[in-house]
Amino acid sequence: MATLNRLRVLTQEQFFSFDYHSVVYPSKGDYLDSLRSHYHKFIHPMVPFICVILYLTCSKPVCDFIRLLFGQKKKENGKYWTLFLKYFSFVHNLLLCAYSGWTFYNTYQLVQTVTAIHQKANPSLSWMSAFYLTNCDTDGLLWAKHDFGTWVFHFYLSKYYEFVDTWIILLKDKKPMFLQTFHHAGIVLLMWSFVASQNNVMGICVTVLNSFIHTIMYFYYMCSTIGIRLPFKILITSAQLLQFFTGIIYSTPTYWMDNCHTDATWWTQLYVNVYTLVLIVLFMGFAYNEYHVKPVHAEQAKAKAAGLKGKKTK
(Lines give C-alpha, C1' and ligand atoms only; values in the text may rest on other atoms or scores of the structure.)
Protein backbone atom coordinates (compact mmCIF):
# COMPACT_ATOMS: atom_id res chain seq x y z
CA MET A 1 0.00 0.00 0.00
CA ALA A 2 1.18 3.51 -0.75
CA THR A 3 1.59 6.10 2.00
CA LEU A 4 1.30 9.40 0.25
CA ASN A 5 2.47 12.70 1.64
CA ARG A 6 -0.98 14.20 2.18
CA LEU A 7 -2.90 14.90 5.38
CA ARG A 8 -5.70 12.33 5.27
CA VAL A 9 -6.86 9.03 6.70
CA LEU A 10 -4.36 6.39 5.58
CA THR A 11 -5.56 3.21 7.31
CA GLN A 12 -8.92 1.73 8.30
CA GLU A 13 -8.06 2.18 11.97
CA GLN A 14 -7.59 5.93 11.53
CA PHE A 15 -11.16 6.62 10.39
CA PHE A 16 -12.31 6.99 14.00
CA SER A 17 -9.07 8.25 15.56
CA PHE A 18 -7.86 10.78 12.98
CA ASP A 19 -7.62 14.44 14.01
CA TYR A 20 -10.01 15.90 11.44
CA HIS A 21 -9.52 19.42 12.81
CA SER A 22 -5.96 19.28 11.50
CA VAL A 23 -7.19 19.10 7.89
CA VAL A 24 -7.57 22.60 6.50
CA TYR A 25 -8.37 23.31 2.87
CA PRO A 26 -6.30 26.33 1.79
CA SER A 27 -8.18 29.35 0.52
CA LYS A 28 -8.52 29.58 -3.26
CA GLY A 29 -10.01 33.07 -3.32
CA ASP A 30 -13.24 31.92 -4.92
CA TYR A 31 -16.90 31.36 -4.00
CA LEU A 32 -16.17 27.91 -2.51
CA ASP A 33 -13.86 29.24 0.22
CA SER A 34 -16.69 29.42 2.78
CA LEU A 35 -17.36 25.72 2.17
CA ARG A 36 -13.68 24.78 2.51
CA SER A 37 -13.46 26.59 5.85
CA HIS A 38 -16.07 24.22 7.35
CA TYR A 39 -14.58 21.02 5.98
CA HIS A 40 -13.50 19.60 9.34
CA LYS A 41 -17.00 20.01 10.81
CA PHE A 42 -18.72 17.87 8.21
CA ILE A 43 -16.00 15.26 7.79
CA HIS A 44 -15.97 14.10 11.42
CA PRO A 45 -17.35 10.52 11.52
CA MET A 46 -20.05 11.42 14.04
CA VAL A 47 -21.79 13.56 11.39
CA PRO A 48 -22.58 10.89 8.77
CA PHE A 49 -23.32 8.12 11.27
CA ILE A 50 -25.68 10.18 13.43
CA CYS A 51 -27.41 11.66 10.39
CA VAL A 52 -27.97 8.25 8.82
CA ILE A 53 -29.33 6.82 12.09
CA LEU A 54 -31.71 9.79 12.39
CA TYR A 55 -32.72 9.39 8.73
CA LEU A 56 -33.56 5.71 9.22
CA THR A 57 -35.34 6.06 12.56
CA CYS A 58 -36.95 9.49 12.56
CA SER A 59 -37.99 10.22 8.97
CA LYS A 60 -41.40 8.53 9.17
CA PRO A 61 -42.49 9.74 12.64
CA VAL A 62 -41.41 13.32 11.89
CA CYS A 63 -43.16 13.33 8.49
CA ASP A 64 -46.29 11.79 10.08
CA PHE A 65 -46.22 14.56 12.70
CA ILE A 66 -45.89 17.24 10.02
CA ARG A 67 -48.88 15.75 8.17
CA LEU A 68 -50.89 15.74 11.40
CA LEU A 69 -49.82 19.32 12.13
CA PHE A 70 -51.22 20.40 8.76
CA GLY A 71 -54.46 18.48 9.19
CA GLN A 72 -53.81 15.63 6.77
CA LYS A 73 -55.79 12.47 7.46
CA LYS A 74 -54.37 8.97 7.17
CA LYS A 75 -54.18 7.82 3.54
CA GLU A 76 -55.65 11.14 2.39
CA ASN A 77 -54.08 14.30 0.98
CA GLY A 78 -55.97 17.56 0.96
CA LYS A 79 -56.16 19.75 -2.13
CA TYR A 80 -53.78 22.45 -0.88
CA TRP A 81 -51.41 19.91 0.67
CA THR A 82 -51.21 18.08 -2.66
CA LEU A 83 -50.59 21.37 -4.45
CA PHE A 84 -47.89 22.36 -1.97
CA LEU A 85 -46.08 19.01 -2.36
CA LYS A 86 -46.35 19.25 -6.13
CA TYR A 87 -44.58 22.60 -6.34
CA PHE A 88 -42.18 21.77 -3.54
CA SER A 89 -41.18 18.61 -5.44
CA PHE A 90 -40.77 20.62 -8.63
CA VAL A 91 -38.39 23.10 -6.97
CA HIS A 92 -36.52 20.28 -5.21
CA ASN A 93 -35.96 18.36 -8.45
CA LEU A 94 -35.06 21.54 -10.34
CA LEU A 95 -32.38 22.39 -7.77
CA LEU A 96 -30.89 18.90 -7.85
CA CYS A 97 -30.99 18.80 -11.66
CA ALA A 98 -29.17 22.14 -11.94
CA TYR A 99 -26.71 21.28 -9.17
CA SER A 100 -25.91 17.86 -10.67
CA GLY A 101 -25.37 19.35 -14.13
CA TRP A 102 -23.08 22.05 -12.71
CA THR A 103 -21.10 19.45 -10.76
CA PHE A 104 -20.79 17.08 -13.70
CA TYR A 105 -19.57 19.80 -16.08
CA ASN A 106 -16.89 21.05 -13.71
CA THR A 107 -15.63 17.69 -12.44
CA TYR A 108 -15.53 16.24 -15.96
CA GLN A 109 -13.45 19.23 -17.08
CA LEU A 110 -11.03 18.78 -14.18
CA VAL A 111 -10.51 15.09 -14.90
CA GLN A 112 -9.99 15.78 -18.61
CA THR A 113 -7.54 18.61 -17.83
CA VAL A 114 -5.35 16.52 -15.52
CA THR A 115 -5.45 13.54 -17.89
CA ALA A 116 -4.24 15.84 -20.68
CA ILE A 117 -1.42 17.09 -18.42
CA HIS A 118 -0.24 13.50 -17.87
CA GLN A 119 -0.33 12.83 -21.60
CA LYS A 120 1.59 16.00 -22.37
CA ALA A 121 4.24 15.11 -19.81
CA ASN A 122 4.62 11.66 -21.38
CA PRO A 123 3.47 11.64 -25.04
CA SER A 124 3.93 7.86 -25.30
CA LEU A 125 1.10 7.30 -22.81
CA SER A 126 -2.25 6.19 -24.17
CA TRP A 127 -5.30 8.12 -23.02
CA MET A 128 -6.35 5.19 -20.81
CA SER A 129 -2.95 5.02 -19.10
CA ALA A 130 -3.05 8.77 -18.48
CA PHE A 131 -6.60 8.44 -17.18
CA TYR A 132 -5.50 5.81 -14.65
CA LEU A 133 -2.64 8.09 -13.56
CA THR A 134 -5.29 10.75 -12.95
CA ASN A 135 -7.30 8.25 -10.91
CA CYS A 136 -4.37 7.09 -8.80
CA ASP A 137 -3.28 10.73 -8.32
CA THR A 138 -0.12 9.86 -6.38
CA ASP A 139 1.08 13.49 -6.39
CA GLY A 140 -2.31 15.06 -5.54
CA LEU A 141 -2.40 16.87 -8.89
CA LEU A 142 -6.14 16.35 -9.31
CA TRP A 143 -7.42 16.19 -5.72
CA ALA A 144 -5.36 19.02 -4.23
CA LYS A 145 -3.71 21.14 -6.92
CA HIS A 146 -6.73 21.24 -9.23
CA ASP A 147 -9.13 21.27 -6.26
CA PHE A 148 -11.11 18.17 -7.23
CA GLY A 149 -11.35 17.39 -3.50
CA THR A 150 -13.62 20.38 -2.90
CA TRP A 151 -16.02 19.16 -5.58
CA VAL A 152 -16.13 15.66 -4.13
CA PHE A 153 -16.66 17.17 -0.68
CA HIS A 154 -19.70 19.26 -1.62
CA PHE A 155 -21.11 16.37 -3.66
CA TYR A 156 -20.85 14.35 -0.44
CA LEU A 157 -22.79 17.09 1.36
CA SER A 158 -25.49 17.00 -1.33
CA LYS A 159 -26.22 13.40 -0.35
CA TYR A 160 -27.67 14.67 2.92
CA TYR A 161 -30.01 16.94 1.00
CA GLU A 162 -31.14 13.97 -1.10
CA PHE A 163 -32.85 12.63 2.03
CA VAL A 164 -35.61 15.01 0.94
CA ASP A 165 -36.49 12.50 -1.81
CA THR A 166 -37.66 10.11 0.90
CA TRP A 167 -39.35 12.80 2.97
CA ILE A 168 -41.49 13.91 0.02
CA ILE A 169 -42.77 10.35 -0.38
CA LEU A 170 -43.51 10.10 3.35
CA LEU A 171 -45.27 13.49 3.34
CA LYS A 172 -47.56 12.02 0.65
CA ASP A 173 -48.27 9.21 3.14
CA LYS A 174 -46.64 6.65 0.88
CA LYS A 175 -44.00 4.06 1.70
CA PRO A 176 -40.53 4.58 0.18
CA MET A 177 -38.89 1.61 -1.52
CA PHE A 178 -36.16 -0.24 0.34
CA LEU A 179 -33.95 0.48 -2.69
CA GLN A 180 -34.23 4.22 -2.10
CA THR A 181 -33.66 4.05 1.66
CA PHE A 182 -30.66 1.72 1.29
CA HIS A 183 -29.19 3.90 -1.46
CA HIS A 184 -29.51 7.19 0.45
CA ALA A 185 -28.19 5.82 3.74
CA GLY A 186 -25.32 3.88 2.17
CA ILE A 187 -23.99 6.57 -0.13
CA VAL A 188 -23.64 9.10 2.71
CA LEU A 189 -21.44 6.74 4.73
CA LEU A 190 -19.39 5.66 1.72
CA MET A 191 -18.84 9.17 0.37
CA TRP A 192 -17.72 10.27 3.82
CA SER A 193 -15.16 7.44 3.87
CA PHE A 194 -13.56 8.33 0.58
CA VAL A 195 -13.61 12.07 1.24
CA ALA A 196 -11.81 11.41 4.54
CA SER A 197 -9.29 9.09 2.83
CA GLN A 198 -9.13 11.18 -0.37
CA ASN A 199 -10.01 8.17 -2.49
CA ASN A 200 -9.58 9.73 -5.90
CA VAL A 201 -10.68 6.65 -7.87
CA MET A 202 -14.04 6.58 -6.10
CA GLY A 203 -14.21 10.37 -6.18
CA ILE A 204 -14.15 10.27 -9.97
CA CYS A 205 -16.35 7.19 -10.21
CA VAL A 206 -19.13 8.50 -7.99
CA THR A 207 -18.94 12.26 -8.46
CA VAL A 208 -18.55 12.42 -12.23
CA LEU A 209 -20.70 9.44 -13.23
CA ASN A 210 -23.40 9.94 -10.60
CA SER A 211 -23.78 13.67 -11.19
CA PHE A 212 -24.28 12.99 -14.91
CA ILE A 213 -26.99 10.38 -14.25
CA HIS A 214 -28.64 12.60 -11.64
CA THR A 215 -28.84 15.50 -14.07
CA ILE A 216 -31.00 13.39 -16.37
CA MET A 217 -32.91 11.67 -13.56
CA TYR A 218 -33.91 14.80 -11.69
CA PHE A 219 -34.88 16.49 -14.96
CA TYR A 220 -37.24 13.58 -15.60
CA TYR A 221 -38.71 13.82 -12.08
CA MET A 222 -39.03 17.59 -12.38
CA CYS A 223 -41.09 17.20 -15.54
CA SER A 224 -43.19 14.44 -13.97
CA THR A 225 -44.23 16.67 -11.07
CA ILE A 226 -45.93 19.08 -13.47
CA GLY A 227 -47.58 16.38 -15.56
CA ILE A 228 -45.04 16.07 -18.38
CA ARG A 229 -44.47 12.35 -18.94
CA LEU A 230 -41.22 11.88 -20.82
CA PRO A 231 -40.91 8.53 -22.63
CA PHE A 232 -37.47 7.50 -21.41
CA LYS A 233 -37.95 6.30 -17.81
CA ILE A 234 -36.63 2.86 -18.75
CA LEU A 235 -33.54 4.49 -20.27
CA ILE A 236 -32.81 6.24 -16.97
CA THR A 237 -32.95 2.92 -15.11
CA SER A 238 -30.69 1.38 -17.78
CA ALA A 239 -28.27 4.31 -17.47
CA GLN A 240 -28.14 3.85 -13.69
CA LEU A 241 -27.30 0.17 -14.10
CA LEU A 242 -24.69 1.03 -16.75
CA GLN A 243 -23.17 3.53 -14.30
CA PHE A 244 -22.83 0.82 -11.64
CA PHE A 245 -21.24 -1.70 -14.00
CA THR A 246 -18.91 0.94 -15.44
CA GLY A 247 -17.74 2.00 -12.00
CA ILE A 248 -16.92 -1.55 -10.92
CA ILE A 249 -15.22 -2.51 -14.20
CA TYR A 250 -13.00 0.55 -14.49
CA SER A 251 -12.07 0.78 -10.79
CA THR A 252 -11.23 -2.92 -10.30
CA PRO A 253 -7.75 -2.82 -11.99
CA THR A 254 -6.60 -0.15 -9.52
CA TYR A 255 -6.56 -2.73 -6.71
CA TRP A 256 -3.37 -4.13 -8.27
CA MET A 257 -1.75 -0.90 -9.51
CA ASP A 258 1.42 0.19 -7.75
CA ASN A 259 1.07 3.25 -5.50
CA CYS A 260 -2.58 3.69 -6.42
CA HIS A 261 -4.10 3.05 -3.00
CA THR A 262 -3.42 3.52 0.67
CA ASP A 263 -4.85 0.93 3.05
CA ALA A 264 -7.85 3.22 3.64
CA THR A 265 -8.63 3.90 -0.03
CA TRP A 266 -8.22 0.21 -0.94
CA TRP A 267 -10.82 -0.82 1.62
CA THR A 268 -13.21 2.05 0.94
CA GLN A 269 -13.16 1.14 -2.73
CA LEU A 270 -13.96 -2.46 -1.84
CA TYR A 271 -16.89 -1.33 0.32
CA VAL A 272 -18.21 0.84 -2.50
CA ASN A 273 -17.90 -2.00 -5.01
CA VAL A 274 -19.79 -4.42 -2.73
CA TYR A 275 -22.47 -1.75 -2.08
CA THR A 276 -22.74 -1.22 -5.85
CA LEU A 277 -23.26 -4.96 -6.44
CA VAL A 278 -26.17 -4.87 -3.97
CA LEU A 279 -27.57 -1.82 -5.80
CA ILE A 280 -27.35 -3.70 -9.11
CA VAL A 281 -29.45 -6.54 -7.69
CA LEU A 282 -32.00 -4.09 -6.23
CA PHE A 283 -32.20 -2.02 -9.42
CA MET A 284 -32.64 -5.12 -11.58
CA GLY A 285 -35.47 -6.23 -9.30
CA PHE A 286 -37.03 -2.77 -9.59
CA ALA A 287 -36.66 -2.80 -13.38
CA TYR A 288 -38.25 -6.25 -13.68
CA ASN A 289 -41.21 -5.22 -11.53
CA GLU A 290 -41.63 -1.78 -13.12
CA TYR A 291 -41.23 -2.69 -16.79
CA HIS A 292 -42.45 -6.29 -16.88
CA VAL A 293 -44.69 -7.24 -13.94
CA LYS A 294 -46.69 -4.00 -13.74
CA PRO A 295 -47.44 -3.79 -17.50
CA VAL A 296 -48.55 -7.44 -17.51
CA HIS A 297 -50.85 -6.86 -14.55
CA ALA A 298 -52.19 -3.70 -16.16
CA GLU A 299 -53.01 -5.59 -19.36
CA GLN A 300 -54.69 -8.39 -17.41
CA ALA A 301 -56.79 -5.89 -15.46
CA LYS A 302 -57.72 -4.12 -18.70
CA ALA A 303 -58.75 -7.40 -20.34
CA LYS A 304 -60.77 -8.40 -17.29
CA ALA A 305 -62.54 -5.02 -17.23
CA ALA A 306 -63.30 -5.30 -20.95
CA GLY A 307 -64.72 -8.80 -20.39
CA LEU A 308 -66.98 -7.64 -17.59
CA LYS A 309 -68.19 -4.72 -19.69
CA GLY A 310 -68.97 -7.10 -22.56
CA LYS A 311 -71.05 -9.30 -20.29
CA LYS A 312 -73.10 -6.35 -19.04
CA THR A 313 -73.98 -5.22 -22.56
CA LYS A 314 -75.38 -8.65 -23.50
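A helix, as the term is used here, is a DSSP run of H or I covering at least four residues, and helices are numbered from the N terminus. In this predicted model, one such run is α4, which spans residues 79-121 and contains Thr-82.

Thr-82 offers a convenient point of entry. Its relative accessible area is 40%; because partly exposed denotes the range between under 20% for buried and over 50% for exposed, Thr-82 is classed as partly exposed. The side chain of Thr-82 makes a polar contact with the backbone oxygen of Gly-78, at 2.8 Å. A further relation links Thr-82 to Lys-172: the two residues are separated by 90 positions in sequence, while their C-alpha atoms lie 7.8 Å apart in space.

Attention may now turn to the internal space of the model. The structure contains 2 cavities of 30 Å³ or more, and the largest cavity encloses about 170 Å³. Its lining comprises 15 residues, and those nearest the centre are Val-206, Gln-243, Phe-244, Val-272 and Thr-276.

The lining of the largest cavity can also be described by the helices that supply it. At least two lining residues come from each of α9 (178-196), α10 (200-225), α11 (233-251) and α12 (263-313). Among the contributors, α12 gives the most, with 5 residues.

What is the division of the lining residues into nonpolar, polar and charged? The lining of the largest cavity has 9 nonpolar and 6 polar residues, and no charged residue is present in this lining.

Definitions and conventions: Residues are numbered from 1 along each chain as its sequence is written. This is a predicted model: local features need pLDDT of at least 70, side-chain atom pairs count only at pLDDT 80 or more; totals for chains, interfaces and linings use all residues. Side-chain values use heavy atoms; hydrogens and water are left out. On a 1 Å grid over the protein atoms alone, a cavity is a set of points where a 1.4 Å probe fits but cannot get out, and a pocket is an open set with protein on both sides within 12 Å along at least five of seven lines; lining residues have an atom within 4 Å of a point. Grid points are joined across faces, edges and corners, and a volume is the space filled by probe spheres set on the points. Ala, Val, Leu, Ile, Met, Phe, Trp, Tyr, Cys and Pro count as nonpolar, Asp, Glu, Lys and Arg as charged, and the others, Gly among them, as polar. Buried means under 20% relative accessible area, exposed over 50%, partly exposed in between (1.4 Å probe, protein chains only). A polar contact is a pair of N or O atoms within 3.5 Å; within protein, one must be able to donate a hydrogen and the other to accept it, and residues adjacent in sequence count only if both atoms are side-chain atoms.
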